[in-house]
Amino acid sequence: MNTYEAKEIRCLVAGGAGFLGTNLARRLLEQGVSVDCVDNFSTGRKANVADLARYPNFRFTKLDIADSGSCNRLLRRRYSHIYNLACPTGVPNIALLGEEMLMTSSLGSLNLLKVARRSNARYLFASTAEAYGDPEIFPQPESYVGKVDPVGPRSPYEEGKRFGEALTCFWGRKYDLNVRIVRIFNTYGPGMSPEDKRVVPQMFSHLIAQQPVPIYGDGAQTRTFLHVDDLVDGLLTVMERGVSAEVYNIGGVDQITICELFELVRAVTGLSGSAVFEKHFTADHHGRWPDTAKIQALGWRQRISLADGIRQSYRNFLAATETCHIGMNG
Ligand code: NAD
């Protein structure tokens with residue numbers, strides 16, 4: 001913590017049972033900050049919360065942020081910082097949880113902004129690279145307005161996040177609240193569930209099970225990948241040093257195709273296995289690449305290379321998978 005004494009800080013992390021929320025909460029707790037996590041477990045895991053429960057300054061409340069009545073109890077608490085990371089994730093989940101995505105990013109965001117206003121807390125909204133849709137320019141700066149189909153199959157996630165961004169900025173201006181938005185690009189690392197359908201854990205789980213790894217489309221689509229420790233650095237940087245009502249990309253610096261990622265995962269893990277090319281179940285985006293100049297101007301840097309990060313994540317993934325099996329058999 002650079003600007004505050006840890007004891008003065010009480011953070012609310014919404015989506016705290018999820019991949020990013022758990023990693024963020026752990027970092028804050030290790031710094032001596034008091035952390036309240038709320039989550040409805042739609043895509044989060046109880047095991048993540050159990051891990052955090054060993055910290056004395058941690059509190060968890062099962063709560064749906066889109067339920068205004070349940071959020072009233074948060075109005076009675078006082079926070080200095082609110083991280084709104086809550087949203088069901090995973091492209092395959094859009095067909096199942098599209099309505100929850102829309103309601104969480106809209107009504108859920110409104111409920112948390114009310115809590116922020118009541119506490120006069122700094123507020124951070126976790127948006128996504130998908131707010132740019134299928135981009136036409138590379139890399140994407142924050143000023144790019146994107147190319148999104150408002151009624152396409154991915155729209156519940158994309159448009160929900162765009163609504164959440166609009167609401168965040170509007171409340172910032174109307175009520176003079178200290179708000180900021182981060183557009184997060186693909187992130188990977190410890191804490192991802194073995195059942196997670198996102199590309200890195202899916203490659204690990206299929207290779208370990210000696211099953212062909214599904215690659216959607218021709219695998220030539222590009223992405224960048226950022227280790228979760230670097231992502232948490234980015235969240236803390238934007239919360240502490242970001243300018244109110246501004247948007248900041250956070251993502252990996254180097255582009256890689258999905259086929260190249262598959263080769264890298266095989267090389268780093270030493271696992272052999274083949275890929276099976278499948279038709280994408282929804283319109284995929286052909287590329288994503290963040291312009292990170294704005295967050296770098298705040299002092300943030302990517303520190304962990306993709307090869308090192310994949311190596312470390314794989315070790316952690318193996319340990320988590322074994323724990324799961326022991327838990328199921330024991
Ligand atoms: P995750 O699915 O692991 O975590 C999201 C958490 O939000 C889950 O624990 C889920 O149960 C919870 N949640 C969903 N709806 C809720 C509701 N109505 N009330 C309370 N809790 C609710 O995903 P993640 O990777 O940790 O992502 C965190 C945030 O970052 C999300 O908002 C996501 O859209 C955004 N993001 C993540 C990535 C990435 O690569 N991980 C990329 C872009 C954006």
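These are my notebook entries on a predicted model, taken in the order in which I looked things up.

**Entry 1, the cores.** I began with the nonpolar interior, where the largest core has 56 residues, and I noted that those with the most contacts inside it are Leu-24, Leu-28, Tyr-83, Leu-235, Leu-261 and Ile-310. I then looked up which element gives the most to this core, and found helix H7, residues 228-241, with seven residues. A second core, separate from that one, has 24 residues, and I listed Ala-14, Ala-121, Tyr-123 and Trp-171 as included in it. I set beside this the general tendency of nonpolar side chains to be buried together in soluble globular proteins.

**Entry 2, Ile-310.** I followed one residue of the largest core, Ile-310, and wrote down what it touches once residues up to four places away in sequence are left out: Tyr-188, Val-200, Phe-204, Leu-261, Leu-264, Val-265 and Val-268. Leu-261, one of these partners of Ile-310, is also listed among the residues with the most contacts inside the core.

**Entry 3, the ligand.** I turned to the ligand and found 30 residues around it, of which Asp-39, Thr-43, Thr-89, Tyr-157 and Lys-161 come nearest. For its oxygen atoms I checked the polar backbone atoms, and I recorded 3.0 Å to one of Gly-44, 3.3 Å to one of Cys-87 and 2.9 Å to one of Thr-187. Taken alone the ligand exposes 810 Å², and the protein buries 96% of that. By class I noted 14 nonpolar, twelve polar and four charged residues in the shell. Helix H1 (19-30), strand S5 (122-128) and helix H5 (155-175) each supply at least two residues of this shell, and S5 gives the most, with three.

**Entry 4, Ser-119 and Asn-120.** I asked myself whether Ser-119, which lies in helix H4 (residues 91-119), is buried or exposed. Its relative accessible area is 12%, under the 20% limit, so I entered Ser-119 as buried. The side chain of Ser-119 reaches the backbone oxygen of Arg-77 at 3.4 Å, and its contacts, not counting residues up to four places away in sequence, are with Arg-77, Arg-78 and Tyr-79. Asn-120 is placed in the loop between H4 and S5, and I noted a phi near 50°, a positive value in a residue other than glycine. Asn-120 has 62% relative accessibility, over the 50% limit, and therefore counts as exposed.

**Entry 5, two further loop sites.** I looked up Asp-176 in the loop between H5 and strand S6 (179-184), and there too I recorded a positive phi, of about 55°, although Asp-176 is not a glycine. At 69% relative accessibility, I entered Asp-176 as exposed. In the loop between S5 and H5 I located Pro-139, and I found that the peptide bond from Phe-138 to Pro-139 is cis, with omega near -10°.

**Entry 6, Lys-294.** I closed with Lys-294 in helix H9, residues 293-296, which I entered as partly exposed because its relative accessibility is 27%, a value between the 20% and 50% limits. Lys-294 touches Glu-142, Glu-246, Val-247 and Tyr-248, not counting residues up to four places away in sequence. From a polar atom of the side chain of Lys-294 to the backbone oxygen of Val-247 I recorded 2.9 Å. I also checked Lys-294 against Thr-224, 70 residues apart along the chain, and noted that their C-alpha atoms are separated by 17 Å.

Methods: Residues numbered from 1 in each chain as written. Predicted model: local features only at pLDDT ≥ 70, side-chain atom pairs only at ≥ 80, totals over all residues. Heavy atoms only, no water. Core = buried A, V, L, I, M, F, W, Y, C linked by side-chain atoms within 4.5 Å. Buried < 20%, exposed > 50% of the residue type's maximum accessible area, 1.4 Å probe, protein only. Contact = heavy atoms within 4.5 Å. Near = heavy atom within 4 Å. Polar contact = N/O pair within 3.5 Å; in protein donor to acceptor, adjacent residues only side chain to side chain. Areas by Shrake-Rupley, 256 points an atom, 1.4 Å probe, with all protein chains shown as cover. Nonpolar A, V, L, I, M, F, W, Y, C, P; charged D, E, K, R; others polar.
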